[in-house]
Amino acid sequence: MPISTPDSGPTPPPGCPAHSAGGPAPVGPESLYGPEFAANPSAVYARLRAYGPVAPVEISPGVHASLVTSYATALEIMRNTETFPRDPRRWEALNDGTVPMDSPVVPMMMYRPNPMYTDGEEHERYRGAVSDTLNRLNPHALRTYVEESADLLIDLFGPEGQAELLSEYCARLPLLVFNQLFGCPPELSEKLVKGMASLLDASEDAVEANAVLVETLLALITLKRTEPGADITSWLLAHPARLNDEEMISQLILLTGAGVEPVKNLICNALRLLLSDDRFGGDLSGGTMPVDEALDEALWTDPPIANYATHFPVRDVTIGGHRVAKGSPVLISMAAANNDPQLVSDRRGNRAHLAFGAGPHACPAKDPARIIASTAVEKLLDRVPDIELTVDPGQLQWRPGPFHRALAALPVRFPPVAAKYDATGVTATDQNPGGSAWNSSRDPSTSALSSSTPKGATSTEKERGSANAVQRPWWNSLIAWWRGR
Ligand code: HEM
């Protein structure tokens with residue numbers, strides 16, 4: 001779709017048959033917030049397509065933007081950061097006060113010194129530090145973190161025979177994993193996990209929680225400057241980019257925000273498919289391996305980051321007949337682009353979706369994100385194989401919000417399963433030594449650090465070696481907190 005500088009004619013009227021893709025005529029900017037959008041975003045995207053590849057939307061009351069719904073145009077814009085840079089300091093409506101600083105979308109869109117909101121050399125510096133650091137993660141060790149975290153959480157609800165998986169599993173698991181990846185010592189762990197959780201919840205005490213999070217991260221950074229370990233915090237500190245404390249905090253908060261929330265939603269959205277869609281779950285004991293397929297389908301159909309990748313054009317441009325003013329936000333709809341009717345290819349085994357973005361800002365953590373999500377899903381279905389939804393899939397609610405595709409709850413029931421660790425965090429028994437249909441094709445070396453794993457590949461090296469007698473005092477305090485004590 002050609003992108004041009006001020007064109008010869010006016011933007012066509014909404015619904016103009018000469019310009020529309022044939023859908024019903026839109027009557028003005030569609031709202032991307034509120035329960036109606038959350039309940040049926042596909043219907044909104046279908047109406048928006050009547051404008052062409054880009055359409056006007058309101059992402060919060062009074063906050064206007066352009067949304068790209070075409071796959072081809074989305075790719076073109078994400079790759080063209082010369083015309084469509086990311087730095088929100090160009091956002092004219094924010095600069096002139098039309099959009100107030102306390103608008104709920106501003107925290108997700110405002111400038112911060114990290115790769116997400118920068119361009120050119122500034123972007124390269126931050127991006128280099130973050131992606132070099134993520135590349136040092138050992139996939140086998142990461143899988144082990146996830147398995148251990150999953151075991152702990154399943155132990156909490158397994159004996160109950162029922163759970164609300166979103167809050168009790170999908171939301172907590174990435175917090176535990178990131179806590180370990182950051183190399184957090186026991187005395188800071190609880191504060192860090194609580195701070196991360198409140199920040200992501202955007203809860204009423206978010207300001208206070210943010211202060212606690214920043215204070216905890218500063219303490220962690222100070223500790224790692226003197227006692228570096230094999231963890232993300234130490235690797236970022238040691239990077240030649242020489243990040244200062246403020247920049248360190250910004251990268252760690254970005255990693256938390258960009259990592260924890262979408263991973264949580266991917267796990268949840270894939271579980272929903274596995275538990276409700278015959279193409280994947282059906283007979284869960286049937287010996288199939290649908291986890292990867294369910295993850296791919298969730299990434300195509302319900303990408304966790306549904307509308308984001310905000311760009312601020314350097315000049316007025318016209319895209320497929322839609323005029324976009326200089327310095328106004330252009331959002332990519334990963335969800336609409338992935339489901340663009342003009343895409344005809346078979347999705348099976350095809351990972352060309354835009355769920356992880358594209359171009360210079362594409363997600364640098366695709367592989368670890370997938371490891372966390374697939375291990376979490378497999379582990380749950382391994383230990384709790386006869387799991388089922390307690391409500392009709394059509395009754396599941398989605399959380400409102402313009403940026404994410406996130407379930408509000410995922411209630412399930414199952415025959416109770418025994419805990420694997422006792423109250424002191426010591427392994428009681430291996431509940432499922434032989435594996436099951438869900439993990440039977442897995443490489444056995446992935447369930448523990450393989451002998452080829454380099455020493456110091458992760459910060460928890462010290463804990464290993466006695467796989468069935470692992471003490472986790474800080475986990476115990478988190479368990480108490482999660483149980484409301
Ligand atoms: C299922 C999980 C994930 C999804 C769907 C996802 C998706 C995305 C998308 C769409 C972008 C591009 C955003 C934009 O252009 O504005 C992005 C960027 C990013 N993601 Fe992820 N992500 C996931 C997991 C993670 C994890 C686990 C981490 C960190 C450990 C992470 C770190 C980042 C960072 C640092 C960026 C910014 C890169 C840049 O601007 O250069 N993501 N992610």
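Modeller: A charge sits over a ring if NZ of Lys or CZ of Arg is within 6 Å of the ring centre and within 35 degrees of the ring normal. The model discussed here is predicted.

Biologist: Over which ring does the charged end of Arg-405 sit?

Modeller: The charged end of Arg-405 is 3.6 Å from the centre of the ring it covers. That ring belongs to Trp-398.

Biologist: How far is the charged end of Arg-89 from the centre of the ring of Tyr-111?

Modeller: Arg-89 and Tyr-111 also make a charge-over-ring contact. The charged end of Arg-89 lies from the ring centre at a distance of 3.6 Å.

Biologist: How many aromatic pairs are there?

Modeller: Two rings pair if their centres lie within 6.5 Å. With this rule, the number of aromatic pairs is six.

Biologist: Is the pair of Phe-37 and Tyr-45 stacked or edge-to-face?

Modeller: Planes under 30 degrees apart would be stacked, and those over 60 are edge-to-face. The ring centres of Phe-37 and Tyr-45 are 5.8 Å apart and the planes meet at 80 degrees, so this pair is edge-to-face.

Biologist: Is Tyr-45 buried or exposed?

Modeller: The limit for a buried residue is under 20% relative accessible area. Its ring partner Phe-37 has 4% and counts as buried. Tyr-45 has 6%, so this residue too is buried.

Biologist: What kind of pair do the rings of Trp-91 and Phe-312 make?

Modeller: A pair whose planes are neither under 30 nor over 60 degrees apart falls into the remaining class. The centres for Trp-91 and Phe-312 are 5.9 Å apart and the planes lie at 40 degrees, so the pair is tilted.

Biologist: How many residues apart in sequence are the parts that Trp-91 and Phe-312 tie together?

Modeller: Trp-91 belongs to the loop between helix H3 (71–79) and helix H4 (92–95). Phe-312 belongs to the loop between strand E6 (307–311) and strand E7 (317–319). Both Trp-91 and Phe-312 are buried at 0% relative accessibility. The two parts held by this pair are apart in sequence by 221 residues.

Biologist: Which residue caps the N-terminal end of H7?

Modeller: Helix H7 covers residues 139–157 and spans 27 Å from first to last C-alpha, close to the expected 27 Å. At its N-terminal end, a side-chain oxygen lies 2.8 Å from the backbone nitrogen of His-140. The residue supplying that oxygen is Asn-138.

Biologist: How many of the 19 residues of H7 are buried?

Modeller: H7 is largely enclosed by the rest of the structure. The statement rests on its buried residues, which number 17.

Biologist: Which residues form one aromatic cluster with Phe-157?

Modeller: Phe-157 is within the range of helix H7, residues 139–157. Its cluster partners are Tyr-169 and Phe-414.

Biologist: Which residue of the protein is the donor of the iron atom of the ligand?

Modeller: The iron has a sole protein donor, an SG atom at 2.4 Å. The residue lies in the loop between helix H15 (334–338) and helix H16 (366–383). It is Cys-363.

Biologist: Which residue forms a salt bridge with Glu-30?

Modeller: The whole structure has 21 salt bridges. In the one made by Glu-30, the closest N and O atoms are 2.6 Å apart. Glu-30 lies in strand E2 and its partner in helix H2, so parts 17 residues apart in sequence are tied together. The partner is Arg-47.

Biologist: Is Arg-47 buried or partly exposed?

Modeller: Glu-30, at 11% relative accessible area, is buried. Arg-47 has a relative accessible area of 30%, so this side of the bridge is partly exposed.

Biologist: How many residues apart are Arg-383 and Asp-155?

Modeller: Their side chains form a salt bridge at 2.8 Å, N to O. Arg-383 is in helix H16 and Asp-155 in helix H7, and their separation along the chain is 228 residues.

Biologist: Which residues are linked in a network of salt bridges with Asp-155 and Arg-383?

Modeller: Arg-383 and Asp-155 are both buried. The network joins them with Asp-151, Lys-379 and Lys-420.

Notes:
Residues are numbered from 1 along each chain as its sequence is written. This is a predicted model: local features need pLDDT of at least 70, side-chain atom pairs count only at pLDDT 80 or more; totals for chains, interfaces and linings use all residues. Side-chain values use heavy atoms; hydrogens and water are left out. Buried means under 20% relative accessible area, exposed over 50%, partly exposed in between (1.4 Å probe, protein chains only). Helices (H or I, at least four residues) and strands (E, at least two) are DSSP runs, numbered from the N terminus. The expected span of a helix is 1.5 Å times one less than its number of residues. A polar contact is a pair of N or O atoms within 3.5 Å; within protein, one must be able to donate a hydrogen and the other to accept it, and residues adjacent in sequence count only if both atoms are side-chain atoms. Donors are N, O and S atoms within 2.8 Å of the metal (3.2 Å for Na, K and Ca); water is not among the atoms, so sites may look incomplete. A salt bridge is a side-chain nitrogen of Lys or Arg within 4 Å of a carboxyl oxygen of Asp or Glu.
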